[in-house]
Amino acid sequence: MAEPTLPKGYEPWDVETRWSEHWERQGTFTPDPAAPGEAYSIVIPPPNVTGALHMGHALNITLQDILCRFARQQGKNVLWVPGTDHAGIATQNVVERGLKTEGRTRQDLGREAFVERVWRWREEYGGRILNQIRRLGASVDWTRERFTLDQGLSRAVRGVFVRLYEEGLIYKGKYIINWCNRCHTALADDEVDHSPRNGKLYHIRYPLADGSGDLVVATTRPETMLGDTALAVHPDDPRYNEHIGKKAVLPLAGRKLIIIGDTYVDREFGTGCLKVTPAHDMNDWDLGRKHGLEVLQVMDEDGNMNENALERYQGLFKDDCRERIVRDLESEGFLVKVEDYDHSVGECYRCKSVIEPHVSTQWFVSVRPLAEKARAAVPELTEIFPAHWQKTYYDWLDNIRDWCISRQIWWGHRIPAWTCEDCGELVVAEQDPTECPKCRGRNLVQDEDVLDTWFSSALWPFSTLGWPDRTPELDRYYPTSVLVTGFDILFFWVARMMMMGIHFMGRPPFRQVYIHALVRDESGKKMSKSTGNVIDPVQMIERYGTDSLRFTLTAFAAMGRDIKLSEKRIEGYRHFVNKIWNAARFALMNLDQAPSAPLERAESLADRWILHRLEEVKEQTADAVREYRFNDMAQDLYRFVWGELCDWYLEMAKPELYGPDEGRRSATRKVLWTALSETLVLLHPIMPFVTQEIWSHLPGTPGEDIALRPYPERRDRLRDPEAVRAMELFQGVVSAARNIRTELLIDPAKKLDLLVRTASLQDQGVLEENRELIRFLARIENVSVGPEVKGPRASGTAVVQGNEVYVPLAGVVDFEAELARLDRELAKLAKDLAAVRNKLANKGFVHKAPAEVVEKERQRLADLDEKGAKLAALKDRLSGARE
């Protein structure tokens, strides 16, 4: 046996840093577009430049990396493009908070100086998320790193804007939009989060103008009534349809409102009579346009009541105005009643302020023509996995509204539109104009707004490859192979990339979309800082190593099923990393060179079996990756490595490796080298660091990158189903002997006898051929095998594939003492069972205790029941053996 070439323990931190630097320095993951091989490309969903790695990122990066590393193993020409998003609102908010600590605002700096300040912040802090992605072992091409505000992408953004404008698909106009009073900007519909709120439903009396009665309206927002321009009822509602065309009087203001009929009105909500406020409600805006109603805006951009509100309310913030109006309605007899009402409220996805519908002049994309083509492309040109997300994708595109793309902030792509101060001409151009094309005047003022961050992100798959230029990368790698992303940006990003890719490139930007699930805590709850259940991936990497984290995430990444994650699980897979390391360390001590020729066949049962299983696992692993069954890939490899390669094959190989027969020793080494080297290649896409480190010590691989190693070839000649059947018999007999020893607490050093009454000559031959291995693995003194073998009454017994297994116990086990011990254990168990059953029978405990506590007790009951059944069965066996 040679001296070990691997250290005794695996220390991931030095290994990870060293190999990350090596791969980047060597350009291992920098492909040449002109090189051979089928193109395979992925663009990374660009994390916000303000971001820090969270567990969702870690899962997303791990799955993409598995796909890219596996594709390289298949001989494909792989490009994985990294980058970050400038994250307009988020980044501006971060820098503004910094200014606030200095007692300044962005207005104090002015636009140019503020934007420079943001660029400096980006240079100083913007690389954090990318460095964290490096720590995950992502095999991206860092030489092609992109940023959504870099020069190339800025050029692409301008080109797209101008072309859409010239095609009539971008326009500027007054429209009701989602407005954030805090961020002072418009938001697209899918940038609004909806949260449940405990609110109030106010029932307000609107007198009829003719004095014949009144109508009662139910609303959650009485402060907006100052902007009412109509009341609406359902034309088929017998309670109200006689009033259609009449007028009502706006309480507190005395202004007259037309009563309209429209089938939009829900007769079951509130009173069935609706107040219509076109300037402050999205649906009312549509009603107002349909019926030609006045649009009366009563709030300004800060959420304060403006000059269109009654004088007594002007200047009040909307929440304060609500309180004041409710008091006034009550005092003047217009408030009928107030009810508790749970409803959903729109919030800014960044600052969580309540969104205010607001009429404003904005820039829009007319998306319907783009959406139709994006819809038609799925699934014919682009497949979505899991398939149920396809319906969600369709629903969103079928109900899409024009996309508001202007934002009232300073950080981002400034809209390339200029207004001539001399003649009012609007100029939209890719290059900054020097004069007005209409009047030749030079007083041109650029639009103050910037584009929605998602506008530039929508171009990511082709702009990162060099568009609008026809670059080698664009020709070679577009469309990309797959997009791996979370479901939360299916609308924000995926659908818009589909629209833009088809419109500007003539093809969808990816052939497949894989939507992964959420990473939750071990109880299935969403991770959040407020609940304190966040698991930090960087901390997990520092404690357990990157490979442990990656393998854990992969092992639980079942398609369409959220991941329940705990630190214990990550720690558990750290043990798996150690198992691989120790197995490799043992193997390398017995390997001094690589095989000189490929394996053609194997002789021993252990060699035949492990090579057959290796062929099966190679096929299973490849199929699982291609079908996005990442959990199956990880779990198949885990079972093979731990339960077969380590627990059985290496143990069975030891007598051959240490034995005197050089021929058998050489054959075993050849199989051991093959099994270890190919297993490392199979594991590499999930666990890049530990596999690369071991690979660098493997004989026959000097200076070779495992990342560039081809996937192991198929060797159907080594498939051997008969070896599997024989091995199952062998394992069953050895395990039966081990279980009898364990159950009866027999000293591991105590040598036992083993008798097997065989069911067939074939089984007898298998066991006789491997007699010495049985003795070695089961710690057996003597083995008797044959159809005539009989075991004594005082024996531990088992049946394996029809073969009767006996371990004589006379002189080995003190039956009376063992039965007494079992009686004591069963008595204690009975007390424990009674206590748990009483607790679960207590209705107060079941109904009042937290669900997880109750579930824990139920699981304890099941565990105790199972333990009791095993102890009782063992007692019966001992009693029978004694007799």
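Me: Which helices each supply at least two residues of the lining of the largest cavity, and how do you know that a residue belongs to such a lining?

Reply: Helix 18 (567–588), helix 20 and helix 21 (662–683) each do so, where a helix is a DSSP run of H or I with at least four residues, numbered from the N terminus. A lining residue has an atom within 4 Å of a cavity point. The model is a predicted one, in which local features need pLDDT of at least 70 and side-chain atom pairs 80 or more, while totals for chains, interfaces and linings use all residues. Residues are numbered from 1 along each chain, and side-chain values use heavy atoms, without hydrogens and water.

Me: Why is this space called a cavity?

Reply: On a 1 Å grid over the protein atoms alone, a cavity is a set of points where a 1.4 Å probe fits but cannot get out. The structure holds four cavities of 30 Å³ or more, and the largest has a volume of about 90 Å³, that is, the space filled by probe spheres set on the points, which are joined across faces, edges and corners. Of its 13 lining residues, those closest to the centre are Ala 583, Ala 584, Leu 645, Leu 676 and Thr 679.

Me: What makes a residue of this lining nonpolar or polar?

Reply: Ala, Val, Leu, Ile, Met, Phe, Trp, Tyr, Cys and Pro count as nonpolar, Asp, Glu, Lys and Arg as charged, and the others, Gly among them, as polar. The lining accordingly divides into 12 nonpolar residues, one polar and no charged. Helix 21 gives the largest share, six residues.

Note on methods. 1 Å grid on protein atoms, 1.4 Å probe; cavity = no way out; pocket = protein on both sides within 12 Å on 5 of 7 lines; lining within 4 Å.
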